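Biologist: I'd like a close look at one part of this protein, helix by helix if need be. Could you pick a residue, start there and work outwards?

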Amino acid sequence: MDHLREEPRLPAPRGPLSAAVEEYLRGTGPLPTPGQAAAAPVYGDDLQLALYLCYELHYRGFAGVAPDLEWDPELLRTRAVLEDRFLAALRADAPRHDGVDDALAEILVEPVDGTGVSHFLRDKGELWHVREYAAQRSLYHLKEADPHAWVLPRLRGRAKAAMAAVEFDEYGGGRPDRVHARLFADLMTDLGLDTTYGRYLDAACAELLVTVNLMSLFGLHRSLRGALVGHFAAVEITSSPGSRRLAEAMRRTGAGPAAEHFYDEHVEADAVHEQVVRHDVIGGLLEDEPHLAPDIAFGVDATVFAEDRLGDRLLSDWHAGRSSLRTPLAREFTHVS
């Protein structure tokens, strides 16, 4: 059975907000009250899981949840309240660049002495760190190109053609075995991880949920199309050098050939994608809609902010010798030949 095609199970709730959303999805209770939505910490487990549950209805949905709930008016109103809080927090907390060039300049040049997650995994990470990283990131990589595809109907001309070209690569250039989500599932298999879509939702930390919810937020709103393009640009610009370090980490820890291949593939592909996104997607969009420049910059800034928060969480846990997952994996692992 292809686990990538299965509908995931609803996860365990992480507080009254996500519990109420789950009860509504099951048809066993009302949606959360406005007070519950206002009281939950915006970057915390409860609100981020509740928002993730709402967004996931636009992807694969959940087993036992009616597909029609995707457009349920009451659920959309609740989602809007959560989104408003999330978006307001991002606008207040992310670093701010008014110009696209200034925002991109922050990530185009890498620091000489980098200290991020990919540096840690390359230089001193153990196999258990690599497996945890893959489990966390599976919530993103098993839907890697999907939220960015939503922007295609909202672009035109040069920006649309360039975005479609990059997405075509992300979806394997027409070959199902080359789809990047499939390649990441192969990486997970090398690492002895369950490739079922959404399998590690219960284990993922709130900071990881923020990064996935961010791209869903931008992708689902036409008004945030500039921010979605900024998000995509930030991902593509930082992917190639980070993937190079992660490929080295896979080799050093003996993660396996598919694990190495996933990141080797991104070193080459995303170096090309970066140029296309900067010059043709962003350039074409600004030619058509120059007023979106601040939104593109915000998308870059919010992405860097969310990724930095995740990196800080992972490194804090790992430097302390503890798991970054809510449900730790077994640290001992033997490859099955």
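Modeller: Sure, let's start with His 129, which sits in helix α7. Keep in mind that this is a predicted model. Is His 129 buried or exposed? With a relative accessible area of 4%, His 129 is buried, because anything under 20% falls in that class. Leaving out residues up to four places away in sequence, His 129 touches Phe 120, Leu 121 and Trp 318. There's a long-range link here too: His 129 and Leu 315 are 186 residues apart along the chain, yet their C-alpha atoms are separated by 9.9 Å.

Trp 318 deserves a stop of its own. Its contacts, again not counting residues up to four places away in sequence, are Val 117, Phe 120, Leu 121, Trp 128, His 129, Glu 132, Tyr 133 and Ser 324. Now, where does Trp 318 fit in the wider picture? The largest nonpolar core has 108 residues, and Trp 318 is among those with the most contacts inside it, along with Leu 25, Leu 121, Leu 187, Phe 218 and Tyr 263. So both Leu 121 and Trp 318, two of the residues His 129 touches, are on that list. As a general matter, nonpolar side chains in soluble globular proteins tend to be buried together.

A short way past Trp 318 is Gly 321, in the segment after α14 (293-319). Gly 321 is partly exposed, with a relative accessible area of 41%. Leaving aside neighbours within four places in sequence, Gly 321 is in contact with Trp 128 and Arg 331. Trp 128 is also one of the residues that Trp 318 touches. For a sense of distance in another direction, the C-alpha atoms of Gly 321 and Arg 199 are separated by 24 Å, with their positions 122 residues apart along the chain.

Back to helix α7, which covers residues 127-141. What does it pack against? One partner is helix α11 (residues 206-220), at an angle of about 10° and with the axes 9 Å apart. The two helices are therefore roughly parallel to each other. On the α7 side, the contact is made by Gln 136, Arg 137, Leu 139 and Tyr 140, and α11 brings Leu 208, Leu 209, Thr 211, Val 212 and Met 215. By class, that's six nonpolar, two polar and one charged residues.

Phe 218, one of the core residues named above, falls within the residue range of α11. From there we can step to Arg 79, which touches Leu 220 and His 221 as well as Leu 51, Cys 54, Tyr 55 and His 58, with residues up to four places away in sequence left out. Arg 79 is found in helix α4 (residues 73-93). Despite being a charged residue by class, Arg 79 is buried, with a relative accessible area of 9%.

Cys 54 carries us on to another helix pair, since Cys 54 of α3 is part of the contact with α1. Helix α1 (residues 16-26) and helix α3 (residues 45-56) pack at an angle of about 25°, with their axes 7 Å apart. That makes α1 and α3 roughly parallel to each other. From α1 come Pro 16, Leu 17, Ser 18, Val 21, Glu 22 and Leu 25; from α3 come Asp 46, Leu 47, Leu 49, Ala 50, Leu 53 and Cys 54. These residues divide into nine nonpolar, one polar and two charged. Leu 25 is another of the residues with the most contacts inside the largest nonpolar core.

One loop, for contrast: Tyr 171 is placed between α9 (157-170) and α10 (180-190). At 31% relative accessibility, Tyr 171 counts as partly exposed. Tyr 171 touches Ala 145, Asp 146, Ala 149 and Val 179, not counting residues up to four places away in sequence.

Zooming out, the protein has 14 helices and zero strands. Its radius of gyration is 19 Å, close to the 20 Å the globule rule gives for 337 residues, so the protein is as compact as a globular protein of that length. The C-alpha atoms fill a box of roughly 50 × 50 × 40 Å along the principal axes. Buried residues make up 56% of the 337 residues. Of the contacts with a separation of 6 or more, 80% come from residues 24 or more positions apart.

Terms used:
Residues numbered from 1 in each chain as written. Predicted model: local features only at pLDDT ≥ 70, side-chain atom pairs only at ≥ 80, totals over all residues. Heavy atoms only, no water. Core = buried A, V, L, I, M, F, W, Y, C linked by side-chain atoms within 4.5 Å. Buried < 20%, exposed > 50% of the residue type's maximum accessible area, 1.4 Å probe, protein only. Contact = heavy atoms within 4.5 Å. Axes fitted to C-alpha atoms, helices over the stretch in contact; angles between N-to-C directions. Helix = DSSP H or I, 4+ residues; strand = E, 2+ residues; numbered from the N terminus. Parallel < 35°, antiparallel > 145°, perpendicular 65-115°, else oblique. Rg over C-alpha atoms; globule rule 2.2 N^0.38 Å.
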